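Visitor: I should like to learn how an aromatic pair is read in a model. Please begin with the general idea and then turn to the case at hand.

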Amino acid sequence: MKFGRLGSEKNNKKEAQKRERKIAKEFGGKATPNSGAMDMAKGDVRFQNFLLDDKFTNGDAYKLSVSDLNKITREAYAISKEPLFSIN
């Protein structure tokens, strides 16, 4: 199966959520239900002191924007955590 760039309709949500669960298990965090799409549960993975936003793509590149970083920073600080951002 081929995946498109982030944000395309070809992006595989199940694969991204599987990756989030793996990160949570490997580093002692908890995957956020619905990949952070709920108002009360932001970010993709929560750790004791951190909130992670994980981006998954099989594309050749990911264009990181300031708004991506601002979003996770705002969400993390709102719950007294430090932001983390990962791209795979």
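**Reading an aromatic pair and its surroundings**

Guide: This is a predicted model, and the structure holds 1 aromatic pair.

Visitor: By what is a pair of aromatic rings described?

Guide: The description rests on the distance of the centres and the angle of the planes. Here the ring centres of Y62 and F85 are 6.5 Å apart and the planes stand at 40°, so the pair is tilted. An angle under 30 degrees would count as stacked and one over 60 as edge-to-face.

Visitor: Which parts of the chain does the pair link?

Guide: Distant parts: Y62 belongs to the loop between β3 and α2, whereas F85 lies in strand β4, 23 residues apart.

Visitor: Is Y62 buried or exposed?

Guide: Y62 has a relative accessible area of 22% and is therefore partly exposed, since buried means under 20%. F85 is likewise partly exposed, at 23% relative accessibility.

Visitor: In what order do the strands of the sheet stand?

Guide: The open sheet is formed by 4 strands in the order β1-β2-β3-β4, with mixed pairing. Because β1 (30-31) and β4 (82-87) each have a single partner strand, they stand at the edges, and one side of each has no neighbour in the sheet.

Visitor: How many bridges join β2 to β3?

Guide: Strand β2 (residues 45-46) and strand β3 (residues 50-55) run antiparallel and are joined by 2 bridges. R46 has L51 in β3 as its bridge partner.

Visitor: Where does helix α2 lie?

Guide: Helix α2 (residues 66-78) lies across β3 and β4, and runs at about 145° to β4.

Conventions
Residues are numbered from 1 along each chain as its sequence is written. This is a predicted model: local features need pLDDT of at least 70, side-chain atom pairs count only at pLDDT 80 or more; totals for chains, interfaces and linings use all residues. Side-chain values use heavy atoms; hydrogens and water are left out. Two strands pair if DSSP finds at least two bridges between them. Contact means heavy atoms within 4.5 Å. Axes are lines fitted to C-alpha atoms, for helices over the stretch in contact, and angles run from 0 to 180 degrees between N-to-C directions. Rings of Phe, Tyr and Trp (its six-membered ring) pair if their centres lie within 6.5 Å; planes under 30 degrees apart count as stacked, over 60 as edge-to-face and the rest as tilted. Buried means under 20% relative accessible area, exposed over 50%, partly exposed in between (1.4 Å probe, protein chains only).
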